[in-house]
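Please open the model in your viewer and keep the selection panel at hand. The stops below follow one another, each with something to select and something to look for.

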Amino acid sequence: MEIGVKLFGHDSSIFYIDCDRKEIFGLDTERVTRIKHDIGVVAPALNIFKNFCVNVHNTAITLINSGFDLYYFTVYPPLWHDEYLRRVILNKKVGKYEKAKKILKYKPYHLPLIYIYSKIIPSNFKYFISIRLKSTISSICKKHIERYTKVKVREIKVRDHHTSHAASAFFFSPYKRALCITLDGFGDDYSSKVFIGKDKRLEYLYGTECEVRKGFSVGRFYSTITGILGLNPNSDEGKVEALAAYGNYKNKLYRFLMENTQIRNNGGEIRIEATKELSNLGLDSKKLMYLREKLGDANFAAAVQKWLEDIGVRYVSCIVEQEGIKKLCFAGGVFANVKMNQQIFERLNLKDMYVFPAMSDSGCASGAIVLEKIREGEDIDWIKKCEMPYWGPSYSEEEVKKAIKTQDYYYEYLGDSWPEYAAYLISKGNIIAIFQGRMEYGPRALGNRSVLADPRDEKVKKVINSTIKRRKWYQPFCPSVLESERNKIFEKSYKNKHMTCAFTVKEEYRQVIPAVIHIDGTARAQFVEKNDNPNYYRLLKALKQEIGVGVVLNTSFNLHGRTIVMTPEHAIRDFIDCGIDYLIMEGYLIKRGD
Ligand SMILES: [Fe+2]
């Protein structure tokens, strides 16, 4: 049995495809551990997978790892996000091994990382990047997974990072022939690669190389800016994007960035290039801090965001022009930027496009296993029909009831009529959480683990922020919209089911649904059809009856600082810890007491 993995590093994940039963299972480590973008080895996710597929107990597995993200071996920051790990490293550094060990008891799946970070890397970096060391790391992880999951790992095969990204985008896209473009901070010596996908083949064309430790990439520069703004790199880039809408990009920084970035066509190979000055600026945090102070946060963010959009559009349009293909699919963390995606869609005058819903590194696991299945001669055409990424675990009504009963809350069973009742509660001004079916794979909640509210009432934003999310004031909330309402409400748009692109809302609707529109008049919408999610569709239909518009505010079901809830226990925990009045879980209504 083979399982695709992003073995460790930020957004580590697993992905399984069963071609006989036409079944998919995908899960990020973060959903199990509830540490955002968890960098830990995938053992916790594999343990959940064991419950999904009992065979694993008796079968050795082969892990298809989607590349080694070496960049993260060279720096500590991803580890420092985690309070426990910070304490472990600090204690180890001062020789308090016993204390470190004690703390590690709570997060045993991080053990191999601590070993790799603190013992191997600092001692010899050159050795570290050698193939031999890659296999040493593989064997450390292998042993660890076996101990932690009691599953035998036959082998860990390593695949290229960007090829894995591209495979996720193309093979899940609706296209038979398309250009696949990847763009991220860094992965296996590249920040971008370009492919042509045709039927079962992915043909590599060219890419933009990026040095392991200090090479320039647009994605890495954007992450640096995220850090300069006091936010978490590789996590809070969406906040920079949201803040940018409040600023003016016409400033010295934007001009400098544009003058120092080029899209170069070298004998048919298209690359993004930066001058030495720009590369140096990316490494000069003092100068960047100075610019932030001088311009103000919003203008600083606006300059970098507009630069990303302009360079992204230029890069993609050069490739499209040269290759003469207008069907496009994208993956890589930079394509999480919905405003850049909107610019690509609009300025290239596309009819539609495809961004893999798990566009960041967790999605590499999907691409890696798809390529393996193709290599084995399996028929994978059916995965193109798996449009909605409900690929995580689900829980039975009995499991849900058991979790509810552990707490002293009023509950009742609504049964099959829950979507209509949910719509009624929303129309009466309640903020509710819903939990149904299989959890979403990728960063967006698409109606199975969502917090929902009335889009007409701008005040709900404040309530959600103060009681649940504690988001930055400038972060917008997004809508789920009936597909049949799309053309009525939005300017140029396409049927995007995964919230991966922003669209401009028509002037006449901006006052109708103000709670889900950003300051610039755009909304990152999920367009819903019946087959995508029958219950969620019914909820939207019923809500349209109540409020006159088939739109609902949809934000992921998680408390500030936690990841999207996976289990009924997570849902109950977050329900208790926040100010939501109602939780509807697999047909059970749970009400907060007075
Ligand atoms: Fe990546």
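Two residues are taken to be in contact when heavy atoms of theirs lie within 4.5 Å. Keep in mind throughout that this is a predicted model.

With that cut-off in place, select I519, which sits in the loop between β17 (502-504) and β18 (522-524). Once residues up to four places away in sequence are left out of the count, I519 touches A245 and Y246. Add L243 to the selection as well: although I519 and L243 are separated by 276 residues in sequence, the distance between them in space, C-alpha to C-alpha, is 9.7 Å.

Next, move to Y246, a contact of I519, which is found in the loop between α11 (237-244) and α12 (252-259). Is Y246 buried, partly exposed or exposed? Y246 counts as partly exposed because its relative accessibility is 35%, and the partly exposed class runs between the under 20% of buried residues and the over 50% of exposed ones. Now show W473 together with Y246 and I519, and turn on the surface, where these three residues make a nonpolar patch of about 360 Å².

From the loop that holds Y246, go on to α12, the helix that follows this loop, and select K252, which lies in that helix. Which residues form a positive surface patch with K252? They are R255, K287 and K294. If you colour the patch by secondary structure, the elements that give two or more residues to it are α12 and α14 (285-295).

Leave the surface patches and select S138, in helix α8, which spans residues 131-149. S138 has a relative accessible area of 10% and is therefore buried. When its neighbours within four places in sequence are set aside, S138 is in contact with F68 and I156, so display both side chains around it.

The last stops concern the backbone. Most residues other than glycine have a negative phi. Select D11, in the loop between β1 (2-6) and β2 (13-18), where phi is positive, near 60 degrees, in a residue that is not glycine. D11 is also buried, since its relative accessible area is 5%. Then select K22, in the loop between β2 and β3 (23-28), which likewise is not a glycine and has a positive phi of about 50 degrees.

Technical notes: Residues numbered from 1 in each chain as written. Predicted model: local features only at pLDDT ≥ 70, side-chain atom pairs only at ≥ 80, totals over all residues. Heavy atoms only, no water. Patch = residues over 30% accessible without salt bridge, like charges linked within 9 Å, V, L, I, M, F, W, Y side chains within 5 Å. Areas by Shrake-Rupley, 256 points an atom, 1.4 Å probe, with all protein chains shown as cover. Salt bridge = Lys/Arg side-chain N within 4 Å of Asp/Glu carboxyl O. Helix = DSSP H or I, 4+ residues; strand = E, 2+ residues; numbered from the N terminus. Buried < 20%, exposed > 50% of the residue type's maximum accessible area, 1.4 Å probe, protein only. Lys, Arg positive; Asp, Glu negative; His and termini not counted. Charge placed at Lys NZ, Arg CZ, Asp CG, Glu CD.
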